[in-house]
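Colleague: Got a moment to go through this model with me? I'd like to start with the pockets.

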Amino acid sequence: MMASIPWTMVALAWAAGLCMPLGGVIAQLERSHESHVKRSWLAGITALGGGILLAAVSLVLVPHAMQALSIATLLGLFLLGALIFMQLDRWLARGGGAKGQLLAMLMDFIPEAIALGALASASPAAAMLLALFIAVQNLPEGFNAYRELEGAGLTARQGLGAFVLLSLLGPLAALAGHLWLADAPGVLGGLMAFAAGGILYLVFQD
């Protein structure tokens, strides 16, 4: 079994995950004075991250779910994801947390990394494209999530260290997808529909 593991895809999943701390490094280095131009630029970065998350929902998560699930099942899991993450977001808000961007980033990253592993053997070209897509979206999402966590009181070492540890979820999720879900399209599709609902809620809420 070990010989069948596509280690290139595992490395790509980790490289895509490392774009999260890279985005955090850029946010940490960006220390210019507050101004109208800076506020407009930061709003643009936030909009870019939100747009990429919407693209992940509409171009990756939902289309893959549609291939494996009926419309009724897809809608049910989609709504379930939105409702559960609404409750989770409210719970975090009551505790004074500011982790909406981080949750959205992980809800995006983990199922896509699982899909990356599941596609590694069946469609290497599609897996490579998905890895590139994950990397591109993790950069602005990491930037936004770092600023959010910094505003909640985390130090640079804590924030960047957490992001490096979270990047390891990429190869782990890719391995799980390859070893256990490559032949279970229904389970993979359900996971993606659930994640898509949670992401869509968090994009509009946070």
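Modeller: Sure, and here α3 (36-68), α5 (100-122) and α9 each supply at least two residues of the lining of the largest pocket. Helices are DSSP runs (H or I, at least four residues) numbered from the N terminus. It's a predicted model, where local features need pLDDT of at least 70, side-chain atom pairs count only at pLDDT 80 or more, and totals for chains, interfaces and linings use all residues. Residues are numbered from 1 along each chain as its sequence is written, and side-chain values use heavy atoms, with hydrogens and water left out.

Colleague: Which helix gives the most to the lining of the largest pocket?

Modeller: Three helices each put in at least two residues. With four residues, the top contributor is α5.

Colleague: And which element gives the largest share of the lining of the second largest pocket?

Modeller: Two elements give two or more residues there, α3 and α6 (124-151). Among the lining residues are Ala126, Leu129 and Phe133. The largest share, four residues, comes from α6.

Colleague: Is Gly186 buried or exposed, or in between?

Modeller: Gly186 lies in helix α9 (residues 185-205). Buried means under 20% relative accessible area and exposed over 50%, with partly exposed in between (1.4 Å probe, protein chains only). At a relative accessible area of 33%, Gly186 is therefore partly exposed.

Colleague: How far apart are the C-alpha atoms of Gly186 and Gln67?

Modeller: Leaving aside neighbours within four places in sequence, Gly186 is in contact (heavy atoms within 4.5 Å) with Ala68 and Leu69. Gln67 is 119 residues from Gly186 along the chain, and their C-alpha separation is 8.7 Å.

Note on methods:
On a 1 Å grid over the protein atoms alone, a cavity is a set of points where a 1.4 Å probe fits but cannot get out, and a pocket is an open set with protein on both sides within 12 Å along at least five of seven lines; lining residues have an atom within 4 Å of a point.
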